[in-house]
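Reader: I'm new to this one. Could you show it to me and explain the labels as we go?

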Amino acid sequence: QTGMVVLQWLFSSRRTMRQGRRNAGSPYPYSILPCADGYIRLIAMQKVEWTRFVNILGNPEWTKDPRFQNRLVMNEKYHEELDALIQPWLSSHTKNELDQIFYEGGLPFSPVKDFADVLNDSHLRARGFFVRAEQPGMEPFDVPGTPYHLKQEPQGAWRPAPTLGEHNDE
């Protein structure tokens with residue numbers, strides 16, 4: 001959750017600190033919350049995103065509570081209570097299910113992927129992002145390849161890491 005930190009530094013030399021799974025000073029939700037099989041990133045900067053999310057939740061009665069009308073105040077004072085209200089719904093879905101629900105609902109929420117999720121990501125696999133590497137003395141393994149593909153240029157050949165002293169003469 002550090003996307004804005006880079007811009008804040010570039011344009012105002014402002015340094016910020018990690019704030020855990022939530023970002024203070026932003027509208028609710030701006031956090032990472034657990035789901036059935038991991039974590040999901042919920043960031044609704046625009047009111048339309050919050051409205052879409054509430055609709056996906058089925059417009060629960062608690063959304064009409066006067067305390068939950070100003071999203072900046074919600075994030076500052078009531079984030080723990082709101083997280084607890086949303087948690088049962090999130091916990092009933094997997095990361096993949098939520099990703100599909102949010103995609104169809106027009107929300108920029110996304111799963112927090114661990115190494116296995118990234119390695120098995122169907123989009124990255126279809127793009128040929130990973131390259132099979134062979135290192136002497138090790139079983140073959142996958143490594144990230146180039147993040148772009150150019151029609152005129154072949155994919156770069158992967159070379160194993162040099163062994164101790166292998167290139168000393170060169």
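Author: What follows is a short talk about labels and the values behind them. This is a predicted model, where local features need pLDDT of at least 70, side-chain atom pairs count only at pLDDT 80 or more, and totals for chains, interfaces and linings use all residues. Residues are numbered from 1 along each chain as its sequence is written, and side-chain values use heavy atoms, with hydrogens and water left out.

Reader: What pattern does the chain follow along the sequence?

Author: The order is α-β-β-α-α-α-α-β-α-α-β-β, with seven helices and five strands. Helices (H or I, at least four residues) and strands (E, at least two) are DSSP runs, numbered from the N terminus.

Reader: Why is Asp 121 called buried?

Author: Buried means under 20% relative accessible area, exposed over 50%, and partly exposed in between (1.4 Å probe, protein chains only). Asp 121 has 14% relative accessibility, so it counts as buried. In the whole chain, buried residues make up 28% of the 170 residues.

Reader: What makes Asp 121 and Lys 113 a salt bridge?

Author: A salt bridge needs a side-chain nitrogen of Lys or Arg within 4 Å of a carboxyl oxygen of Asp or Glu. For Asp 121 and Lys 113 the closest N and O atoms are 2.3 Å apart, so the pair fits that definition. Lys 113 itself is partly exposed, at 40%.

Reader: How many salt bridges does the structure hold?

Author: There are six. In another one, Glu 81 and Arg 67 meet at 2.8 Å, N to O. Glu 81 lies in helix α4 and Arg 67 in the loop between α2 and α3, so this pair ties together parts that are 14 residues apart in sequence. Asp 65, Arg 67 and Glu 81 are also linked in a network of salt bridges.

Reader: Why is Arg 132 called exposed, and why is Asp 142 called partly exposed?

Author: Arg 132 has a relative accessible area of 52%, so it passes the cut-off for exposed. Asp 142 has 24%, so it falls in the range in between. The two form a salt bridge, with the closest N and O atoms 3.0 Å apart.

Reader: How do you know that Arg 71 has no salt bridge?

Author: The nearest side chain of opposite charge, Glu 49, is 5.8 Å away, so the salt-bridge cut-off is not met. Here Lys and Arg count as positive and Asp and Glu as negative, while His and the chain ends are not counted. Arg 71 is buried all the same, and its place is in helix α3 (residues 71–77). Contact means heavy atoms within 4.5 Å, and the residues in contact with Arg 71 include Tyr 28, Pro 29 and Trp 50.

Reader: What makes a nonpolar core, and which residues touch the most other members of the largest one?

Author: A nonpolar core is a set of buried Ala, Val, Leu, Ile, Met, Phe, Trp, Tyr and Cys residues joined through side-chain atoms within 4.5 Å. Of the 22 residues in the largest one, Phe 53, Leu 90 and Phe 102 touch the most other members. The largest share, four residues, comes from α4.

Reader: Which peptide bond is cis?

Author: The one that joins Tyr 28 and Pro 29, with omega about -5 degrees. Pro 29 lies in the loop between α1 and β1. Most peptide bonds are trans.

Technical notes
Lists of a residue's contacts leave out its neighbours within four places in sequence.
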